[in-house]
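Trainee: I've got a new structure to get to know. Could you walk me through it and let me ask how each label is earned?

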Amino acid sequence: MPDVACGAAGRIGKIQTSQTPFSESVGSRPPTTCGAAGFTMLASPTDPDRRPGGGFYLAIAVFTLLAAVLRLYRLDTTSFWVDELLTVRTCGKLDQMHKSKVFGFVPTALGLMAYGVSPSEIPLDEPERWRAMGISEASSRIGSALVGIVTIPLLGLASCRLLGVRAAGILTLLLAVAPWHIYWSQASRFYSLQFLFYTLALIVYFTATQERSPRRFVMAMVFLILAFLSQPPALVVCAVFAADWLIGLVSRQPVRLGPFGWAAAIASLIVCMAVLGYDVSHAPKDWTQFAGDLRQSPSKMTLGTVYMVGPGVALFAVLTAVQQLSERRRLAIYLALASILPPLVYAVVSTRSYVGLRYAFVCLYGWLALAAIGAERIDHVLRPRLGRALAFSPLGLLLASMLLVDFAYHTGAGGFHTRWRDGFEYVAARKKPGEFVATDREIIGKYYLEDATVGRRPSSAEELRKIEHPLWIVVEAEDAIRGPVHRWLGDVAALKACFNLRVLQPYSSVHVYYYPGRKGATSP
């Protein structure tokens with residue numbers, strides 16, 4: 001048995017360099033302890049499949065290029081949605097932002113700066129001036145897009161130790177074409193950055209506890225803190241860690257952290273809780289405003305997750321998880337937890353408070369990793385018997401289904417964004433002097449029309465009938481809270497245009513109405 005040194009502790013322990021699959025308990029391997037830290041160590045895996053070679057790096061480069069094309073293509077052609085413009089506004093006041101969220105806005109701020117826009121000079125309450133300053137869909141989204149592109153090779157390389165080289169390569173390809181990841185890479189929000197650090201924490205935690213490496217465990221905790229600082233809901237990863245630890249304890253194959261590991265984990269949580277506590281104590285209303293807002297239901301959270309991951313990918317992942325229980329049990333359960341727990345947690349929360357489907361975005365890696373393992377195993381088994389083409393066919397079907405959604409996303413789906421820009425461009429081309437505009441999203445209307453007079457839409461037919469001047473009304477036809485507004489709006493105003501997405505996507509149609517005013521002005 002080879003000697004393995006325990007770092008600075010200076011002790012040499014006799015341990016077996018094991019080819020044992022990850023399914024075996026870390027507790028079943030012969031351990032040794034590194035000095036006072038007390039963190040149990042194991043030799044790193046020597047399986048050559050976990051050591052990437054030249055072919056792997058070439059494949060990663062190709063897949064990254066593909067990811068770049070899909071994330072930069074038509075970056076500026078889809079309409080802003082309201083949260084993106086709120087992100088731009090926040091970039092102008094980062095010094096006033098919650099400490100637990102500032103980091104998530106950095107990519108957008110840097111993207112604006114790259115286009116010559118100084119965030120500190122943004123007039124926060126005058127979105128009608130933003131277009132003239134150079135704030136555009138491209139300048140506000142480029143930061144998230146670059147983070148999304150960089151995510152592909154980083155997670156591909158990090159996954160080699162977790163999945164093996166071949167499965168990591170497949171995972172990289174699946175992530176490159178994943179529609180959900182493309183969507184958030186093309187949004188001026190913080191979710192692509194959160195996904196990167198959340199997933200790195202997820203990966204490195206497992207390999208650190210599998211190999212019992214203090215250095216890698218500290219890395220995992222650093223990634224956890226960075227994910228939290230991107231957006232606090234990233235702490236849901238702790239539910240995955242806790243479930244993994246509890247399952248190991250119950251199955252008598254415990255995940256041994258040792259005193260050093262427990263100290264690092266507790267210190268990380270203390271840092272996160274201290275930052276969050278500071279923010280909540282200084283602005284409690286910012287954190288309680290969504291309590292009781294039940295616009296999402298548990299069924300929408302769970303079914304929506306399957307819809308965004310892709311039914312084919314989800315089914316493939318479930319079958320793989322079941323099959324892998326006999327080969328790499330802990331890894332299969334861990335990835336299943338990473339896939340299921342985030343949407344499950346938010347489904348429960350949705351019964352008491354507002355959560356968005358986007359909060360569950362971090363579960364994507366678990367689904368794709370399981371699908372990648374399944375595709376690799378099928379190829380390994382079928383290629384010697386049926387040849388390369390037939391062995392590739394299951395993965396080919398998965399890729400075809402995802403690329404079909406990508407095609408729809410970039411064409412008829414309008415980037416899955418509500419077509420506010422088209423609606424306001426229609427109004428701008430027809431609006432006459434003396435006519436006004438009202439909408440559900442004033443910040444979007446002011447931005448696209450460059451008009452400070454854009455106001456809030458009347459809330460009822462009675463309120464609208466009291467208005468004397470002609471009014472253009474741009475609304476989202478299906479509102480998730482108040483219900484279909486066009487049921488009463490169409491009785492008072494004339495429907496002039498509809499801007500729909502040519503794919504199934506709830507709450508995505510923009511309708512333009514014209515109200516001639518109480519005096520009965522002629523409708524255009």
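Mentor: Sure, let's go from the whole chain to single residue pairs; bear in mind that this is a predicted model.

Trainee: Okay, what is the protein chain made of?

Mentor: The protein chain has 22 helices and nine strands. Buried residues make up 55% of its 524 residues. About 22,500 Å² of the protein chain is exposed, with carbon and sulfur atoms supplying 62% of that.

Trainee: What share of the contacts in the protein chain comes from residues 24 or more positions apart?

Mentor: Counting contacts with a separation of 6 or more, residues 24 or more positions apart account for 76%.

Trainee: Which residues have the most contacts inside the largest nonpolar core?

Mentor: That core has 132 residues, and the ones with the most contacts inside it include Leu-163, Trp-180, Met-221 and Tyr-365. Helix 9, residues 191-211, gives the most to this core, with 14 residues. Apart from it lies another core, of 13 residues, among them Leu-464 and Trp-488.

Trainee: What is Tyr-365 in contact with, leaving aside its neighbours within four places in sequence?

Mentor: Its partners include Leu-155, Leu-163, Phe-195, Ile-203 and Leu-335. As general background, nonpolar side chains tend to be buried together in soluble globular proteins.

Trainee: Now helix 11. How do you know what span to expect for it?

Mentor: Helix 11 covers residues 237-250, so 14 residues, and the expected span is 1.5 Å times one less than that number. That gives an expected 20 Å, and helix 11 reaches 20 Å from its first C-alpha to its last, so the two are close.

Trainee: And what puts the buried residues on the same side of helix 11?

Mentor: The buried ones are Val-237, Val-240, Phe-241, Ala-243, Asp-244 and Gly-248. They cover an arc of only 165° around the axis, so they sit on the same side of helix 11. These residues pack against helix 9, helix 10 and helix 16. Just after helix 11, Arg-252 takes a positive phi of about 60°.

Trainee: Why is the pair of Arg-189 and Asp-83 called a salt bridge?

Mentor: The cut-off is 4 Å between a side-chain nitrogen of Lys or Arg and a carboxyl oxygen of Asp or Glu. Arg-189 and Asp-83 come to 3.8 Å, N to O, so the pair qualifies. Arg-189 lies in the loop between helix 8 and helix 9 and Asp-83 in helix 2, so the pair ties together parts that are 106 residues apart in sequence. Both Arg-189 and Asp-83 are buried.

Trainee: What makes Glu-84 and Arg-141 a salt bridge too?

Mentor: Their closest N and O atoms are 2.8 Å apart, so the pair falls within 4 Å. Glu-84 lies in helix 2 and Arg-141 in helix 5, so this pair ties together parts 57 residues apart in sequence.

Trainee: Why does Arg-141 count as buried?

Mentor: Buried means under 20% relative accessible area. Arg-141 has 0%, so it counts as buried.

Trainee: Is Arg-161 buried, partly exposed or exposed, and how do you know?

Mentor: Arg-161 has a relative accessible area of 27%, which lies between 20% and 50%, so it is partly exposed. Its salt-bridge partner is Glu-211, at 2.4 Å, N to O. Glu-211 is at 3%, so it is buried.

Trainee: How many salt bridges does the structure hold?

Mentor: The structure holds 14. Salt bridges that share partners join Arg-166, Glu-327, Glu-376, Arg-377, Asp-379 and Arg-383 into one network.

How values were computed:
Residues numbered from 1 in each chain as written. Predicted model: local features only at pLDDT ≥ 70, side-chain atom pairs only at ≥ 80, totals over all residues. Heavy atoms only, no water. Core = buried A, V, L, I, M, F, W, Y, C linked by side-chain atoms within 4.5 Å. Buried < 20%, exposed > 50% of the residue type's maximum accessible area, 1.4 Å probe, protein only. Helix = DSSP H or I, 4+ residues; strand = E, 2+ residues; numbered from the N terminus. Contact = heavy atoms within 4.5 Å. Arc of directions from axis to C-beta. Areas by Shrake-Rupley, 256 points an atom, 1.4 Å probe, with all protein chains shown as cover.
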